[in-house]
Amino acid sequence: MQNTDIYKLYQESPYKSIKHSTYFDSYNHFFSRYRNQNITFVEIGVLHGGSLFMWRNYFGPKARIIGIDLNPNAKKWEEHGFEIHIGSQSNIKFWEEFTRKVGLIDVVLDDGGHTYEQQIITTECLLSSMNDGGIILIEDTHTSYISGFGPKSKSFIEYTKMLIDKINMRFKDFSDYQSERRVWSIEVVESMVAFKINKKASNLKSEPTDNGGIDDLAQDFRYVDNPKMVFVNKLIRHFGFIKRIPFTRALADGIQTFVANSRFNANRYFK
Ligand SMILES: C[S@@+](CC[C@H](N)C(=O)[O-])C[C@H]1O[C@@H](n2cnc3c(N)ncnc32)[C@H](O)[C@@H]1O
């Protein structure tokens, strides 16, 4: 942590900033590729202003640094060359006006109020206003495990898990309606969730491909270490009609699933 530029800039900021000790390595990991670029950076949560100075020195003079806070006092940081917007991150109307004025954004850091409502609405309202290659980093996501930040069954981490499911719904066999096409990938570190934007990759059609190489007729050994499965598969292959009749096919699928599942002692990995 102490070796990172970002930590040094945090220490050097003339005004107070409050960050957890583990965050500096994570900031560096997620943000270093945006340094010295022509980017628009938005931090939600200004408080004493110290982090704005840190970000300006971290991203360099080409970056547009924007702060958002509900507290109108934050406006005073405009004198120091920052763009400040006053409003609530849980207000959809605020975000509509904000994105209309500001245009496309490259990097978002949410260090606002940390309720699930604020974190989820911020993510939802900003996803379609991100430049390709951009990132939304929501911090203090440990609030998902703490009382007082909203209903735990609809916490920010539960929302993140739902988006993970929806990213996987991009696979060809699943419902396109359920799939997530705004977020390319999600990366989780302690107390932070990063949503990365890659529009082309998120909208690729999922279909099987083959490189046209020589087929040496290798056998797939997926079930070979499960003797019961080998037996069931042999039986099904032997009685070819089983898979042709809907009722026996459903029965055979059920037996295959049961035999495959019964082998795996999953409980020891889910504690
Ligand atoms: C944790 S502090 C920000 C700390 C600052 N980023 C730093 O590094 O020192 C949280 C800030 O979020 C602001 N805030 C809380 N709820 C908000 C909301 N609904 N919309 C916008 N800002 C909010 C608070 O006024 C406070 O200034």
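Serine 129 and its surroundings

Serine 129 sits in the loop that joins helix α5 (116-127) to strand β5. The model shown here is a predicted one. In this model serine 129 has a relative accessibility of 11%, and it counts as buried because buried means under 20%. Setting aside neighbours within four places in sequence, serine 129 is in contact with Thr99, Gly103, Leu104 and Ile105.

Helix α5 also holds threonine 122. The relative accessibility of threonine 122 is 0%, so this residue counts as buried too. A polar atom of its side chain lies 2.6 Å from the backbone oxygen of glutamine 118. Apart from neighbours within four places in sequence, threonine 122 is in contact with Ile44, Gln89, Trp95 and Asp110.

The next topic is the nonpolar cores. The largest nonpolar core has 31 residues, and the members that touch the most others are Tyr27, Phe31, Phe41, Trp55 and Phe59. Several elements give two or more residues to this core: α1 (5-12), α2 (23-31), α3 (50-59), β4 (105-110), β5 (130-139) and β7 (192-196). The element that gives the most is α3, with six residues. What does phenylalanine 59 touch, not counting residues up to four places away in sequence? Its partners are Phe31, Tyr34, Arg35, Asn36, Gln37, Ile39, Phe41 and Ile65. There is also a second, separate core of 29 residues, which includes Trp95, Phe98, Met130 and Ile136. Trp95 has appeared above, as a residue in contact with threonine 122.

The loop between β1 (40-44) and α3 contains glycine 49. Is glycine 49 buried or exposed? Glycine 49 is buried, because its relative accessible area is 0% and the limit for buried is under 20%. Its C-alpha atom is separated by 22 Å from that of asparagine 38, and the two residues are 11 residues apart along the chain. Leaving out neighbours within four places in sequence, glycine 49 is in contact with Tyr15, Lys16 and Trp77.

The model also contains a ligand. There are 17 residues around the ligand, and those that come nearest are Ser17, Ile18, Gly45, Asp69 and Asp111. For glycine 45, a polar backbone atom is 2.8 Å from a nitrogen atom of the ligand. Two serines approach the ligand with their side chains. In serine 51, a polar side-chain atom lies 3.3 Å from an oxygen atom of the ligand. In serine 88, an N or O atom of the side chain is 3.1 Å from a nitrogen atom of the ligand.

The last stop is helix α9, which runs over residues 246-263. How far apart should the ends of its 18 residues be, at 1.5 Å a residue? The expected span is 26 Å, because the rise is multiplied by one less than the number of residues. The end C-alpha atoms of α9 are 26 Å apart, which agrees with this. Within α9, Thr248, Ala252, Gln256 and Val259 are buried. These residues cover an arc of only 75 degrees around the axis, so they lie on the same side of the helix. What covers the buried residues of α9 includes α8 (227-238). The face turned away from the buried side carries the exposed residues Pro246, Phe247, Phe258 and Asn261.

Definitions and conventions:
Residues are numbered from 1 along each chain as its sequence is written. This is a predicted model: local features need pLDDT of at least 70, side-chain atom pairs count only at pLDDT 80 or more; totals for chains, interfaces and linings use all residues. Side-chain values use heavy atoms; hydrogens and water are left out. Helices (H or I, at least four residues) and strands (E, at least two) are DSSP runs, numbered from the N terminus. Buried means under 20% relative accessible area, exposed over 50%, partly exposed in between (1.4 Å probe, protein chains only). The arc is that of the directions from the helix axis to the C-beta atoms. Contact means heavy atoms within 4.5 Å. A nonpolar core is a set of buried Ala, Val, Leu, Ile, Met, Phe, Trp, Tyr and Cys residues joined through side-chain atoms within 4.5 Å. A residue is near a molecule or strand if one of its heavy atoms lies within 4 Å of it. A polar contact is a pair of N or O atoms within 3.5 Å; within protein, one must be able to donate a hydrogen and the other to accept it, and residues adjacent in sequence count only if both atoms are side-chain atoms.
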